[in-house]
Amino acid sequence: TYDFRQYSIQENQNWNHRLNVRADHKINDNNSLLLTAAATLNSTATFQQSDSQTLTEAGVMQNASEQLTTADGRRMNVNSSLLWRKKFSVPGRTLTAGLDLTSSGNSQDGSLEAVNRFMRDFMVEQRIMQTNTQESLNRSLGFNASYTEPLGNRRYLEANYRITQNFNEIDQQVYDLVDGQPVINTLLTNIYNNTYLYQRGGVNFRLNRDMYNLTLGSSVQATSLKGEIVTMNLPIDRSYFNVLPVVRFNYEFSNMRRFSADFETSVQEPSLLQLQPIIDNRDPLNLYEGNPELRPSYRNRASLRYNTFNPLTS
């Protein structure tokens with residue numbers, strides 16, 4: 001048991017430029033195309049100064065740190081999607097298919113100055129003066145399709161499928177300043193890349209009534225994560241398989257009163273940064289190291305909502 005105390009001052013500056021495009025084209029009465037695209041140019045500057053201490057229950061100091069960090073970054077994002085929608089002659093029968101393309105690049109320069117003190121039989125003082133650079137590239141390509149089949153009496157069967165591949169490259173260089181000259185820190189310098197591929201397919205049953213609608217379904221997701229920590233010549237190869245049920249219920253008492261209950265599941269695979277056994281010293285008193293044996297997090301999300309609205313009084 002211990003107490004951790006920290007005082008910090010942080011200043012952030014952020015500049016954004018955004019451009020959005022949307023085009024909805026009706027080919028004929030049964031077919032249409034929707035194109036959306038967005039580009040973002042972002043620039044950030046961060047300055048943080050902090051003092052921290054760790055004390056025992058008796059108030060005896062175990063360690064202390066004074067830190068000054070700076071970071072200047074630039075990021076460019078481009079997101080685009082193309083969606084095809086088709087209606088059939090049978091009412092309620094629909095087919096949609098879409099492509100998604102995302103690309104982003106990030107460049108960052110930073111520095112760390114820290115004085116750390118550790119209390120043993122005598123005080124040990126550690127000084128850190130470092131500069132760092134990071135270049136990253138992320139690309140994602142996805143395809144999805146959804147088909148709805150009417151079963152009669154306002155009941156529907158939905159089938160959906162999605163495949164997505166993400167590719168990431170990161171080059172992080174860390175330098176210690178020795179007599180004012182940068183010397184590369186091989187323990188913290190890291191270059192890695194990874195390819196993340198997942199496929200998900202599922203079936204939902206949907207029931208529509210005048211006052212309520214109900215959706216019951218499930219999907220399965222197969223995931224593959226392959227990568228390489230170039231600086232350690234260490235390959236990473238992981239595969240995961242999950243079942244993801246979903247339940248949605250909506251009840252409409254009137255136009256002004258509604259109730260809904262939802263339950264859904266999802267998985268979040270660990271990133272390559274979380275898997276790689278390399279120390280991150282951005283907080284020198286709390287070192288972070290990845291764990292190659294991490295499993296995906298399996299998330300259960302339940303929600304209840306009740307909404308009432310009086311149009312006369314708002």
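Reader: How many residues stand between E10 and E11 in the hairpin that they form?

Author: This is a predicted model, in which local features need pLDDT of at least 70, side-chain atom pairs count only at pLDDT 80 or more, and totals for chains, interfaces and linings use all residues. Residues are numbered from 1 along each chain as its sequence is written, and side-chain values use heavy atoms, without hydrogens and water. Strands (DSSP runs of E, at least two residues, numbered from the N terminus) pair if DSSP finds at least two bridges between them. E10 and E11 (residues 257-268) pair in the antiparallel sense over 8 bridges, and the hairpin leaves between them 2 residues.

Reader: Which residue in the turn between E9 and E10 has a positive phi?

Author: Strand E9 (residues 212-229) runs antiparallel to strand E10 (residues 234-254), joined by 18 bridges. The hairpin has 4 residues between the strands, and the positive phi, about 50°, belongs to asparagine 233.

Reader: Is aspartate 262, the salt-bridge partner of arginine 305, buried or exposed?

Author: A salt bridge places a side-chain nitrogen of Lys or Arg within 4 Å of a carboxyl oxygen of Asp or Glu; here the closest N and O atoms of arginine 305 and aspartate 262 are 3.4 Å apart. Arginine 305 lies in strand E14 (residues 297-308) and aspartate 262 in strand E11, so the pair ties together parts 43 residues apart in sequence. Burial is judged by relative accessible area (buried under 20%, exposed over 50%, partly exposed in between; 1.4 Å probe, protein chains only). Arginine 305, at 42%, is partly exposed, whereas aspartate 262, at 17%, is buried.
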